[in-house]
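Grab a pencil and work through these exercises at your own pace. Each one comes with a solution that goes step by step.

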Amino acid sequence: MKLIDSAALVTGAASGLGAATAARLAAAGATVYGLDLEKSIASSGPVPDGVTLVPADVTVEEAVREAVGIAEAGAVPLRMAVNCAGIAPSARILSRRGPHDLELFHAVLMVNLLGTFNVLRLAAEAMARTDADLYGQRGVVVNTASIAAYEAQIGQIAYAASKAGVAGMTITAARDLAQYGIRVMAIAPGIVDTPMMAGFGDDVRAALATSVTFPQRLAEPSEYARLVTMIAEHDYLNGETIRMDGALRMSAR
C-alpha cells in the first residue's frame, strides 16, 4: 500500500510511539491525523509538517467518529490507522492494601483494548467506503500489543490482559475485514524508551537494557515507527503480531 496520497489516523500521537509514528508516516508522504487527549496535545511539542493533532478520547465512540470524519473529509482517502494510545499502571492481584482495584483493571481494559477496538472498527468502516486499488486493497490497521501479552511481570495483570486481548483479536480482525480489502496487524514492543520510561533513574534503565538479549539497549520509538511503515508497504503481512523486543523474554520481576 502506498502512503503517498493516503491519510492515516494515529492514536496517542502527542508523545512516545504515537508521535514517532505520526512523524514517520508524514515524512513518507501520508496526511496524518493524530488523536490524543486534549491535555496531552496541549503539553506536546512542535507538530511535524503533515500532521494534524485532533483531541479525542479513544474510548468514546462519538469522539472517534468525529475524528474519523475529519480524516474522511480531507483531500486523500483514509488508508491507515495505527493504535498507540495506552496506559500501564502497576498493581498486584493481592497486596497489603487488599485485592486489585476493580476500577483500575476496568480503566486499563477500556483504554488499551476497548479503545483499540473502537478505533479499529470505525476506521475500518471509513476505509470500506473508499475505492480499492488494483489488488483490491483499501487499507491497513496496525495495533499495539506488548511482549507483556506473552510473559508479563509481577504487577502487570491488567496490562497483560489488555495487551493479550489486542494480540488475540488480530487474526480474527484480519479475517473479518478481508472481504473489504483491509489488513490488520499488531506489533508487540519490548522495552521502548518513551516518556513513560523517563521517570526511571539511569540505573534502572541500564538494568532494563542489560536484560535484552541483543542489542542490549532500549528500543527507540523511531524503530516502532519504522516497523509500522514497513507493514503498511508490505502487502502480504496480515493477521500477525510481530514482536519487536531484541529477543527479550521478560522475567517475573
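**Exercise 1.** Work out whether threonine 229 counts as buried or exposed, then find its place and its contacts.

*Solution.* Keep in mind that this is a predicted model.
- Start with accessibility: threonine 229 has 6% relative accessibility, and buried means under 20%, so this residue counts as buried.
- Next, its place: threonine 229 sits in helix α9.
- Finally, leave out residues up to four places away in sequence, and threonine 229 touches Leu3, Arg24 and Leu25.

**Exercise 2.** Check the length of helix α9 against the span expected at 1.5 Å a residue, then see what covers its buried residues.

*Solution.*
- Helix α9 runs over residues 221-233, which makes 13 residues.
- The expected span is 1.5 Å times one less than the number of residues, so we look for 18 Å.
- The end C-alpha atoms of α9 are 19 Å apart, which agrees.
- Now list the buried residues of α9: Pro221, Tyr224, Ala225, Leu227, Val228, Thr229, Ile231 and Ala232.
- An α-helix has 3.6 residues a turn, so residues three or four places apart point the same way.
- The cover over the buried residues of α9 includes α1, β4, β7, β8 and β9.

**Exercise 3.** Do a similar check for α1 and for α6.

*Solution.*
- Take α1: its 12 residues should span 16 Å, and its end C-alpha atoms are 17 Å apart, which agrees.
- Buried in α1 are Gly16, Leu17, Gly18, Ala20, Thr21, Ala22, Leu25 and Ala26.
- Step just past α1 and you meet glycine 29, with a positive phi of about 110 degrees.
- Now take α6, residues 157-168: it has 12 residues and reaches 16 Å from its first C-alpha to its last, close to the expected 16 Å.
- The buried residues in α6 are Ala158, Tyr159, Ala160, Ser162, Lys163, Val166 and Ala167.
- Among the elements covering the buried residues of α6 are α4, β7, α5, α7 and β9.

**Exercise 4.** Describe the surroundings of arginine 183: which residues does it touch?

*Solution.*
- First find arginine 183 in strand β8, residues 182-189.
- Its relative accessible area is 6%, so arginine 183 is buried.
- Setting aside residues up to four places away in sequence, arginine 183 touches Met1, Gln137, Gly139, Val140, Val141, Ile231, Ala232, His234, Asp235, Leu237 and Asn238.
- One of these partners deserves a second look: a polar atom of the arginine 183 side chain lies 3.0 Å from the backbone oxygen of alanine 232.
- Alanine 232 is itself one of the buried residues of α9.

**Exercise 5.** Place alanine 174 and say how far it is from arginine 253.

*Solution.*
- Alanine 174 belongs to helix α7, residues 170-177.
- With a relative accessible area of 4%, alanine 174 is buried.
- Leaving aside neighbours within four places in sequence, its contacts are Ile182, Val184, Asn238 and Gly239.
- From alanine 174 to arginine 253 there are 79 residues in sequence and 34 Å in space, C-alpha to C-alpha.

**Exercise 6.** Is serine 90 buried or exposed, and what does its side chain reach?

*Solution.*
- Serine 90 is in the loop between β4 and β5.
- Exposed means over 50%, so serine 90, at 58% relative accessibility, counts as exposed.
- Its side chain reaches the backbone oxygen of glycine 155 at 3.3 Å.
- Serine 90 and glutamine 156 are 66 residues apart in sequence, yet 5.6 Å apart in space, C-alpha to C-alpha.

**Exercise 7.** Look at the backbone: where are aspartate 5, alanine 247 and proline 215?

*Solution.*
- Aspartate 5 is in the segment before β1, and its phi is near 65 degrees, a positive value in a residue other than glycine.
- At 55% relative accessibility, aspartate 5 counts as exposed.
- Alanine 247 is in the segment after β9; it has a positive phi of about 65 degrees although it is not a glycine.
- At 42% relative accessibility, alanine 247 counts as partly exposed.
- Proline 215 lies in the loop between α8 and α9, and a cis peptide bond joins it to phenylalanine 214, with omega about -5 degrees.

**Exercise 8.** Describe the second largest pocket: what is its volume?

*Solution.*
- The volume of the second largest pocket is about 220 Å³.
- It is lined by 14 residues, and the closest to its centre are Met1, Lys2, Ser6, Arg79 and Asp133.
- Sorted by type, the lining has 5 nonpolar, 3 polar and 6 charged residues.

Definitions and conventions. Residues are numbered from 1 along each chain as its sequence is written. This is a predicted model: local features need pLDDT of at least 70, side-chain atom pairs count only at pLDDT 80 or more; totals for chains, interfaces and linings use all residues. Side-chain values use heavy atoms; hydrogens and water are left out. Helices (H or I, at least four residues) and strands (E, at least two) are DSSP runs, numbered from the N terminus. Buried means under 20% relative accessible area, exposed over 50%, partly exposed in between (1.4 Å probe, protein chains only). A polar contact is a pair of N or O atoms within 3.5 Å; within protein, one must be able to donate a hydrogen and the other to accept it, and residues adjacent in sequence count only if both atoms are side-chain atoms. Contact means heavy atoms within 4.5 Å. On a 1 Å grid over the protein atoms alone, a cavity is a set of points where a 1.4 Å probe fits but cannot get out, and a pocket is an open set with protein on both sides within 12 Å along at least five of seven lines; lining residues have an atom within 4 Å of a point. Grid points are joined across faces, edges and corners, and a volume is the space filled by probe spheres set on the points. Ala, Val, Leu, Ile, Met, Phe, Trp, Tyr, Cys and Pro count as nonpolar, Asp, Glu, Lys and Arg as charged, and the others, Gly among them, as polar.
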